[in-house]
Amino acid sequence: DRSKRPDYLAGLNPEQTEAVETLDGPVLVLAGAGTGKTRVLTTRIAHILSTGRAYPSQILAVTFTNKAAREMKERIGVLVGHAVEGMPWLGTFHSIGVKLLRRHAELVGLRSDFTILDTDDVVRLIKQLIQAEGLDDKRWPAKQFAGMIDTWKNKGLDPSQIPEGDARAFANGKGRELYAAYQNRLLTLNACDFGDLLLHPIRMFRANPDVLKDYHDKFRYILVDEYQDTNTAQYMWLRLLAQRPQGSRNRPSSGLPATLSPSDGEKGQAARSPSPISPSERGEGRGGGQSAVNLCCVGDDDQSIYGWRGAEVDNILRFEKDFPGAKVIKLERNYRSTEHILGAASHLIAHNEGRLGKTLFTDRSNQDDEKVHVHAAWDSEEEARAIGEEIEQLQRAEHNLNDMAILVRASFQMREFEDRFVTLGLNYRVIGGPRFYERLEIRDAMAYFRLVCQPADDLAFERIINTPKRGLGESTVRTLHDYARTRDIPMLAAASEIIETDELKPKARKALFDVVTDFRRWQTLLETTPHTELAEKILDESGYTAMWQADKSAEAPGRLENLKELIRSMETFESMRGFLEHVALVMDAEQNEDMDAVSIMTLHSAKGLEFDTVFLPGWEEGLFPHQRSLDEGGRAGLEEERRLAYVGITRAKHRCHIWFVSNRRIHGLWQSTMPSRFLDELPIDHVEVAEQEVSFGGYNRGGYGQSRFDKADPFENSYQTPGWKRAQQHRSDATRDNWGTRSGHAVERIGYGESGPRTRTIEGE
Ligand code: ATP
Ligand code: MG
């Protein structure tokens, strides 16, 4: 009887309803983007609570980000009709892992106030261990070993379980020993790394069946979103909690493959390593009787985008074997996007071989829906300008900024948009990382520049006086501070006076003398030297660049890259002062949750989200697909990049704008680029290639100011060899000299290669 059904069930389609109401036994919802998987999970929790089947504290629900967890909690409150008290076990794998570990720390040899180390700390610690072994840490970089440990931990491997080949490959065969030493050292320090947040609970549950049983009794329902991106360790953790011994019932072995997963074989040694999952955990034990908890996982194999971080898409493909009797529900109706957007995304992803293949349809369509737009721009500056214009136009047509997002492949792409939006006075927010000018190395560098331009800037002075280390520690700074305060002068002025006295010890006095001399020199250069040149000089002569070059931490290369991007971003300004003013404005731009603002984020962190309008810039070979994925992953790498493109397009509800540029500057060198192969893979019926609509900013670039595509038919021969590629190629050839001369740089050929943007952002947790 429909009329008696609770409100929260109204409006669900039959398959969704089934997924919500099938509360007993394992359920897998395997479905494409925007079909309501997350909505099903949320409604399912509401249903469990409203029907009184469990208390909030008896539900374990895993989301991919903390933000998603917060949103889900709110949504459940709305569905149930009152605020939901508790839900303490709704969170990411990591946040739930921390909680478990704080409760049972002593069972794995920690105290409950253990600290969680970040990547920098981990690398430093490993470096110490490598040196303590008497090994050369240049030959055996700590950073590399940190990566190996991370990979092992994602696979759930303890030191005794790592593949022989891996152990041999590092540090003259000391890999295993080092890993073990690292784990011991962490325990001594009462610390753990991110991987341990999953591995310690696994160890703890295995060693303490009684504790595990408590949790079996506790968690009546387990739900997991984005199941396609779980890694092996997360999978093991889930299996431990989701499967409980049932004693008497006898069931034949579940017939799982002997190795962890078929794909392990491709990754070299892994298949030969001892399986970290014991037979009984697989339901293969002699008694064989295991029953699964009321587990509901939802996911989409086409959206598996964290393979590089150890995610195993096989986990989702194997669900029915893992949880016998599982009900698999498919959802085919997409509620998010128009037919054009869905058509474009489906056609693109069909180029992947390794997929299940799904049908998707939508009725969110009408006559005047826009096709997916493809635009070309000269360079990333023009790209940002044009996207800014498009956003302002939408704004004038009463669209909210909150409904728009710019999704980039690599985080360095964000800077151009941030700069542009500040100039336009457009509110924006960066999701999943600091804004460009907020990064540590950028703030340091800016402090140098500020102090050169504004010698009275004491905050800048204090920030860099001992960065890099010059032996000007706290006591010197205090003396300087007092000296400046009593005379009411800025600290830099105080410094140039105090070096004439003997208030400081000779060593500090000499060091301070050098700094003061440097700043005097830079100040005189301010009027005579081009400001970008001066900026580079300051960073070099101060030893700041050298400090990061000498730093072997995992972050250092990225920081050096950002410093280069900083210098590059100064070029568009007349002077250093003009640039500083601009940045002050950027930094002043508000970032609060309530304001109407465009979101800027990486494709990786956009998973699960949706926006009315989505901008996808930078669709060029080398950037997207990213060169490193191709180099390291081969075909699998390319397919993961394509899934990322699929995720990007399917975030859009109504409008999707894809951009590529003909020239990108990497490390001060112009590189002419090729449009991404993914553009060739879009279906002609759903795509519209924009005709010339972008201004050239008043700059004459060789008389090519009209259409950049073959106007007649951009897909002339077929969509496989679009006219834009030829037109584009022609343009870059013809204009190269002109541009090259103007900027004074050579134009390099296609692609990013070694010098390309190698930063891979880690998002999602
Ligand atoms: P993704 O794969 O991108 O994570 P998803 O499958 O989790 O997508 P949801 O985010 O749950 O999809 O839903 C997509 C959109 O469709 C949301 O705006 C959601 O509210 C809406 N939606 C889902 N089911 C229905 C329905 N039965 N009726 C109306 N709208 C729906
Ligand atoms: Mg979702």
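**Exercise 1. Work out whether L295 is buried or exposed, then find its surroundings.**

Start by counting: L295 has 24 other C-beta atoms within 10 Å, so it is buried. The cut-offs are these: a residue is buried with 20 or more other C-beta atoms within 10 Å of its own, exposed with 12 or fewer, and partly exposed in between, with C-beta atoms placed from the backbone.

A quick word on what you're looking at: this is a predicted model, where local features need pLDDT of at least 70, side-chain atom pairs count only at pLDDT 80 or more, and totals for chains, interfaces and linings use all residues. Residues are numbered from 1 along each chain as its sequence is written, while chains are lettered from A and ligands numbered from 1 in the order in which they are written.

Next, place the residue: L295 sits in strand β9 (residues 294-299). Helices (H or I, at least four residues) and strands (E, at least two) are DSSP runs, numbered from the N terminus.

Now look for partners. Setting aside neighbours within four places in sequence, L295 touches P26, I222, A242 and F323. Being in contact means that two C-beta atoms, placed from the backbone, lie within 7 Å.

Finally, try a distance: from C-alpha to C-alpha, L295 and E688 are 43 Å apart in space, and 393 residues separate them in sequence.

**Exercise 2. Summarise the protein chain as a whole.**

Count the elements and you get 28 helices and 21 strands. Then check burial: 44% of the 765 residues count as buried. Last, take the contacts with a separation of 6 or more; 78% of them are between residues 24 or more positions apart.

**Exercise 3. Describe how helix α14 packs against helix α26.**

Two packed helices are described by the angle between their axes and the distance between the axes.

Step one is the geometry. Helix α14 (residues 339-349) and helix α26 (residues 627-649) have axes 9 Å apart, at an angle of about 175°. Axes here are lines fitted to C-alpha atoms, for helices over the stretch in contact, and angles run from 0 to 180 degrees between N-to-C directions.

Step two is the label: α14 and α26 are therefore roughly antiparallel. Angles under 35 degrees count as roughly parallel, over 145 as roughly antiparallel, 65 to 115 as roughly perpendicular and the rest as oblique.

Step three is the contact itself. From α14 come I341, A344, A345, L348 and I349, and from α26 come R642, R643, A645, Y646 and I649. Sorted by class, that's 8 nonpolar, no polar and 2 charged residues. The classes work like this: Ala, Val, Leu, Ile, Met, Phe, Trp, Tyr, Cys and Pro are nonpolar, Asp, Glu, Lys and Arg are charged, and the others, Gly among them, are polar.

Step four: check how covered α14 is. Of its 11 residues, 9 are buried, including H340, G343 and S346.

**Exercise 4. Follow the chain from α19 to α20: how do these helices pack, and what does D488 do in the loop?**

First, the packing: the axes of α19 and α20 lie 9 Å apart, at an angle of about 105°. The two helices are therefore roughly perpendicular to each other. On the α19 side, the contact uses L480, H481, Y483, A484 and R487, and on the α20 side M491, A494, A495 and I498. By class, this contact has 7 nonpolar, 1 polar and 1 charged residues.

Then the loop: D488 is found between α19 and α20 (491-498). D488 isn't a glycine, yet its phi is positive, about 60°. Only 7 C-beta neighbours fall inside 10 Å, so D488 counts as exposed.

**Exercise 5. Find further backbone oddities.**

Most residues other than glycine have a negative phi, and most peptide bonds are trans.

Begin with E398, which is not a glycine but has a positive phi of about 70°. E398 lies in the loop between α15 (380-396) and β14 (404-408), and it counts as exposed, with 6 C-beta neighbours inside 10 Å.

Move on to the peptide bonds. From T467 to P468 the bond is cis, with omega near 0°, and P468 belongs to the loop between α18 (458-464) and α19 (474-487). F624 and P625 are also joined by a cis bond, with omega about 5°; P625 is in the loop between β17 (611-616) and α26.
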